[in-house]
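The following exercises ask you to work through a fold and two of its loop residues, one step at a time. Please keep the sequence and the coordinates at hand while you read the solutions.

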Amino acid sequence: MTASGAEPTLFERIAAREIPARIVAETDRVIAFHDIAPKAPVHVIVTPKRGDYRDVVELASADPALLAELVDVANGIAADLADGDFRLIFNTGPGGGQTVFHVHAHVLAGGLEEASLAG
Ligand code: 5GP
């Protein structure tokens with residue numbers, strides 16, 4: 001249980017090391033790990049450690065500095081694991097392809113010609 005009484009989200013459990021993941025970067029408030037089903041040569045999830053915000057709209061409204069930190073971590077990952085260029089995707093809502101309702105960015109990099117989050 002979290003302080004709010006809600007069940008921890010999948011990504012909170014990864015941040016707590018309860019569920020294994022290939023972690024590539026971490027700050028006090030943010031964690032980044034390889035997606036379990038990569039859609040590009042580099043496909044990393046960047047997310048707050050706490051699941052306070054369901055999607056990027058809530059995050060941007062409530063804590064824009066934390067959103068900026070996600071972007072900064074994404075930029076560092078693209079520099080470390082690819083050539084520095086990247087695509088940053090926030091699926092938002094079920095119709096937008098979101099399946100985990102704990103805000104997160106997909107960082108896609110390293111040869112994106114074939115990359116798609118569809119299917
Ligand atoms: P969404 O569909 O919500 O935008 O993105 C959720 C992402 O989380 C998907 O790309 C999915 O492959 C990834 N994912 C789901 N479960 C796990 C898991 O247990 N570990 C990791 N590393 N990624 C996961």
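**Exercise 1.** In which loop is D55 found? Work out as well which surroundings this residue has in the predicted model.

*Solution.* Begin with the position in the chain: D55 is found in the loop that runs between β3 (42-48) and α2 (56-62). Next, consider its charge, for which the cut-off matters, since a salt bridge is counted only within 4 Å. The nearest side chain of opposite charge, that of R54, is 4.7 Å away, and D55, although buried, has no salt bridge. Then look for polar atoms around the carboxylate: a polar atom of the D55 side chain lies 3.1 Å from the backbone nitrogen of V57. Finally, list the contacts that remain once neighbours within four places in sequence are left aside, and you arrive at T92, Q98 and V103.

**Exercise 2.** Which residues does Y53 touch, not counting those up to four places away in sequence?

*Solution.* Locate the residue before listing its partners: Y53 lies in the loop between β3 and α2. The residues it touches, with those up to four places away in sequence not counted, are E58, L59, A62, D63, L66, F101, H102 and V103. One of these partners, F101, can then be examined by its separation from Y53, which is 48 residues in sequence and 8.0 Å in space, taken from C-alpha to C-alpha.

**Exercise 3.** What is the order of the strands in the open sheet, and which helix packs on this sheet?

*Solution.* Trace the pairing from one side to the other: the 5 strands of the open sheet follow the order β1-β2-β3-β5-β4, and their pairing is antiparallel. The edges are formed by β1 (23-26) and β4 (87-89), each of which pairs on one side only. With direction ignored, neighbouring strands are turned against each other by 20° on average. Helix α3 (residues 64-81) packs on the sheet, where it touches β1, β2, β3, β4 and β5 (105-109), and its direction makes about 155° with that of β3.

**Exercise 4.** How many bridges join β1 to β2, and which residues stand opposite each other?

*Solution.* Count first: 3 bridges join β1 to β2 (residues 30-34), and the two strands run antiparallel. They form a hairpin with 3 residues between them. Among the facing residues, A25 has A32 in β2 as its bridge partner, while E26 stands opposite I31 of β2.

How values were computed
Residues are numbered from 1 along each chain as its sequence is written. This is a predicted model: local features need pLDDT of at least 70, side-chain atom pairs count only at pLDDT 80 or more; totals for chains, interfaces and linings use all residues. Side-chain values use heavy atoms; hydrogens and water are left out. Helices (H or I, at least four residues) and strands (E, at least two) are DSSP runs, numbered from the N terminus. Buried means under 20% relative accessible area, exposed over 50%, partly exposed in between (1.4 Å probe, protein chains only). Lys and Arg count as positive and Asp and Glu as negative; His and the chain ends are not counted. A polar contact is a pair of N or O atoms within 3.5 Å; within protein, one must be able to donate a hydrogen and the other to accept it, and residues adjacent in sequence count only if both atoms are side-chain atoms. Contact means heavy atoms within 4.5 Å. Two strands pair if DSSP finds at least two bridges between them. Axes are lines fitted to C-alpha atoms, for helices over the stretch in contact, and angles run from 0 to 180 degrees between N-to-C directions.
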